[in-house]
Amino acid sequence: VGISLPIVFPFVIKCLIASVMSRNFTYRERHFWALMVLLSAGAYGVFISLDLFLLFVFYEFTLLPKFLLITFWGGTRKEYAALKLALYLMAGSALIVLGMIGVYYASGLHSFDLRILGQMALIPREIQIALFPALFLGFAVLAGIFPLHTWVPTGHVAAPTAASMLLAGVMMKLGAYGCLRVAMWIMPQGAQAWLLPIAILAVIGAVYGATITLVQKDFKFLIGYSSVSHMALAILGLASGTVIGLTGAVLQMFAHGIMSALLFAVVGRMVYDRTHTRQLTELGGLAAQLPFVAVIFTIGSLASLGMPGGANFWAELNIFLGTWEHFPALAVIGILSVPITAVYMLRVTYSVFFSSERKPAIELPKLTRPELIAGLILSSVLILSGIFPGYLTEPIGRSVAQVAAALVKQ
């Protein structure tokens, strides 16, 4: 419960907000809403399933809606982005199936019940070490682990705003959730053997993702690449194998889910739909016309760079403290992503909203009531979760302690 609930709760909020902000859809409207419902139902099923086979069915259930939403309602290079996303996730699914078959027979129970598989060390250590990479990497593809991350920015950019909010805010969390709830829960001995390689990949992804974000000229690509960096930190928390690191990883899933939904809503709906451009060189001084947008984007920006008082701050603090216990050198390298993130987020916030040059010079439409409500809710949740993190960290810590204890015993 402590692992699933902090991800399901914001998922409910994001689904409602994404729906409200998609009320202006007129092209194949019924098909769009049907796919959104299927996507939401599949994600819900993953988070509440106690059977591995059922979890995988719901996991796969989200693939087709994602593909079709990008194909029919997407923007930049939508066919390429949709096909790339589908191929990457299908490759990950093949690895998951391989791991599931191995678990089914190696446990000797011929069962997919996660409650039984997680409580009994039934699988021999050698088999766990062999099967763990398949299960972990299969789910980690959806989390955007380096070097299997290249579908992330193209998928985010091509997707319509509502789909971008759910893709970054929810779908990537399915991958990280599966890594923890399935791979590490069932095969702690295998996880223990592979923690260092996973941590190395996570550190590379965090620093690389932040660095490549620095050179982005497209507003939406910037947010897309930043998701690679932030989710890499969640993977690093998982690789720490400690209670505090695992707590930080789950809290990072929660915080990034809210933050990315807010930023994609600003970029895709509130800015692009009014200016019809995402090029940073063509945007400037928007705070004069859209002051509310400037405020909520600043809140999301400060959360992204780990400003104290935001949920991301507590998540990253726990992640680096947990990583330091086992991999201090990697913790030092990984923390370099934080100042790099501060550079690009502060730079884009100033240039787009607070620079003296007003671009575009035309008068922009005012925000609608649904946009105001959506921005207010997402920014409020982001602030409140940072001020009162204990309501999240305590239940998360109690749940992940079982995984950490199993890792320590190995």
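How many helices and how many strands are there in the chain? In this predicted model, the chain holds 18 helices and zero strands. The radius of gyration is 20 Å, close to the 22 Å that the globule rule gives for 410 residues, so the chain is as compact as a globular protein of that length. The C-alpha trace spans about 70 × 45 × 35 Å along the principal axes. Of contacts between residues at least 6 apart in sequence, 83% join residues at least 24 apart.

Buried residues account for 60% of the 410 residues. The area exposed by the chain is about 15,500 Å², of which carbon and sulfur atoms supply 71%. In soluble globular proteins, nonpolar side chains tend to be buried together. The largest nonpolar core of the chain has 141 residues, and the members that touch the most other members are F136, M184, I186 and F353. Helix α9, residues 161-186, gives the most to this core, with 19 residues. With residues up to four places away in sequence left aside, F136 touches I145, C179, A183, M184, I198 and I235.

At the surface, I383, L384, I387, F388 and Y391 make a nonpolar patch of about 550 Å². Helix α17, residues 369-387, provides the largest share of this patch, three residues. One patch member, I383, is placed in helix α17. I383 counts as partly exposed because its relative accessibility is 35%, between the 20% and 50% limits for that class.

Side chains of opposite charge can pair when their charged atoms come close. Six salt bridges are found in a search of the whole structure. One of them joins the side chains of D218 and R278, with an N to O distance of 3.0 Å. This pair links distant parts of the chain, 60 residues apart: D218 is in the loop between α10 (188-213) and α11 (219-240), and R278 is in the loop between α12 (243-275) and α13 (291-304). Both D218 and R278 are buried.

A further salt bridge is formed by E371 and R269, whose closest N and O atoms are 2.9 Å apart. E371 belongs to helix α17 and R269 to helix α12, so the pair ties together parts that are 102 residues apart in sequence. E371 counts as buried because its relative accessibility is 1%. R269 is also buried, with a relative accessible area of 11%, as the class requires under 20%. R269 and E371 are linked with D273 and R274 in a network of salt bridges.

The salt bridge between R358 and E363 has its closest N and O atoms 3.4 Å apart. R358 is partly exposed, with a relative accessible area of 36%, whereas E363 is exposed, at 56%.

Helix α11 contains H230. The relative accessible area of H230 is 2%, so this residue is buried. Apart from residues up to four places away in sequence, the contacts of H230 are Q252, H256, M259, S304, N312, E316, T341 and Y344.

Two cis peptide bonds to proline are described here. The bond from F146 to P147 is cis, with omega near 5°, and P147 is in the loop between α7 (125-143) and α8 (151-158). The bond that joins K359 and P360 is cis, with omega about -5°. P360 lies in the loop between α16 (337-354) and α17.

Backbone geometry also sets out H276, where phi is near 60°, a positive value in a residue other than glycine. H276 lies in the loop between α12 and α13. H276 counts as exposed because its relative accessibility is 60%, and the limit for that class is over 50%.

Helix α6, residues 114-119, includes G118. At 22% relative accessibility, G118 counts as partly exposed. G118 and A249 are 131 residues apart along the chain, and their C-alpha atoms are separated by 20 Å.

Notes: Residues numbered from 1 in each chain as written. Predicted model: local features only at pLDDT ≥ 70, side-chain atom pairs only at ≥ 80, totals over all residues. Heavy atoms only, no water. Patch = residues over 30% accessible without salt bridge, like charges linked within 9 Å, V, L, I, M, F, W, Y side chains within 5 Å. Areas by Shrake-Rupley, 256 points an atom, 1.4 Å probe, with all protein chains shown as cover. Salt bridge = Lys/Arg side-chain N within 4 Å of Asp/Glu carboxyl O. Helix = DSSP H or I, 4+ residues; strand = E, 2+ residues; numbered from the N terminus. Buried < 20%, exposed > 50% of the residue type's maximum accessible area, 1.4 Å probe, protein only. Rg over C-alpha atoms; globule rule 2.2 N^0.38 Å. Contact = heavy atoms within 4.5 Å. Core = buried A, V, L, I, M, F, W, Y, C linked by side-chain atoms within 4.5 Å.
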